[in-house]
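Biologist: Before I use this structure, I want the terms behind it explained. Can you take me through them?

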Amino acid sequence: MRAWLLLLLLGSLVALVWVRGWRPPDRYNPWAPLDLRAEPDRFLRYKMRRLAADPARCLAALRQADVRFALVPDRTGPGGCGWHDAVRLRGTGVATLSSPAVMSCPLAATLVLFDRDALQPAAHASFHQPVVRIDHVGSYACRNVYHRNDAPLSRHARAQAIDITGFRLADGRRVEVGKGWSDSGQAGRFLRQVHGRGCAVAGMLLGPDYNAAHRTHFHIEATGWGYCPGGGSGQMR
């Protein structure tokens, strides 16, 4: 009986403090808006899922982070292809995309985190300079997984994934995922650091160790809970 009374008193105290306006720091508050400029916290996955459910909140996060993007009209394609609440992303912070890409807003937010928390730290650790360009082969493609007729739609069919093929350093050097992944020197070390760090912020990240279809690029999605396998065959590409 005393335990129930104590819990009741504690609950009442918390409710009173909350009503009076006190809030925990954002990194300890799962309901706080996601700040793309802040260090990722334990609630990152949950906050990213909230962005996916709230387009206005997602756009506000991009604007707050001073990201280079433009709004694009919704598009309806054949067989369920197309996009809604998407943006045309030009740059993610330090790095510029090799060409502007239309993608879902949560994917754009993921790339901002990927640039700041995975790509740039790995570049400075391996090359002592930043990455200034992210090379990619697109985000939107109206197709099924692995182009198979009997497979479900790819995430690319809704602009919810992007395939990154390489990175341009400030001194002009280019590191390609396909050529550098097996390198035993700086390039390979850098790419594996990018992959490992990227797993902490991406909803899904597939690379050359996943299967032959991904031997030349990193496939990145926003949705998911950090699925980052090293091998096997997937059914959601």
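Here are some questions about terms, with answers.

Modeller: This is a predicted model, where local features need pLDDT of at least 70, side-chain atom pairs count only at pLDDT 80 or more, and totals for chains, interfaces and linings use all residues. Residues are numbered from 1 along each chain as its sequence is written, and side-chain values use heavy atoms, with hydrogens and water left out.

Biologist: What makes a set of residues a nonpolar core?

Modeller: Its members are buried Ala, Val, Leu, Ile, Met, Phe, Trp, Tyr and Cys residues, joined through side-chain atoms within 4.5 Å. Buried means under 20% relative accessible area, with a 1.4 Å probe and protein chains only. The largest such core has 49 residues. Leu62, Met103, Phe114, Phe167 and Phe190 touch the most other members. Helix 4 (residues 105-127) gives the largest share, 13 residues.

Biologist: Why is Val72 assigned to another core?

Modeller: A core is joined through side-chain atoms within 4.5 Å. Val72 belongs to a core of five residues that lies apart, with Trp83, Ala86 and Ala159 also among them.

Biologist: How do you know that strand 7 and strand 10 pair?

Modeller: Pairing takes at least two bridges found by DSSP. Strand 7 (residues 161-169) and strand 10 have four, in the antiparallel sense, so they count as paired. Ala161 stands opposite Glu221 of strand 10.

Biologist: What makes strand 9 a partner of strand 10?

Modeller: Three bridges join strand 9 (residues 204-206) to strand 10, and the two run antiparallel. Met204 has Glu221 as its bridge partner.

Note on methods
Buried means under 20% relative accessible area, exposed over 50%, partly exposed in between (1.4 Å probe, protein chains only).
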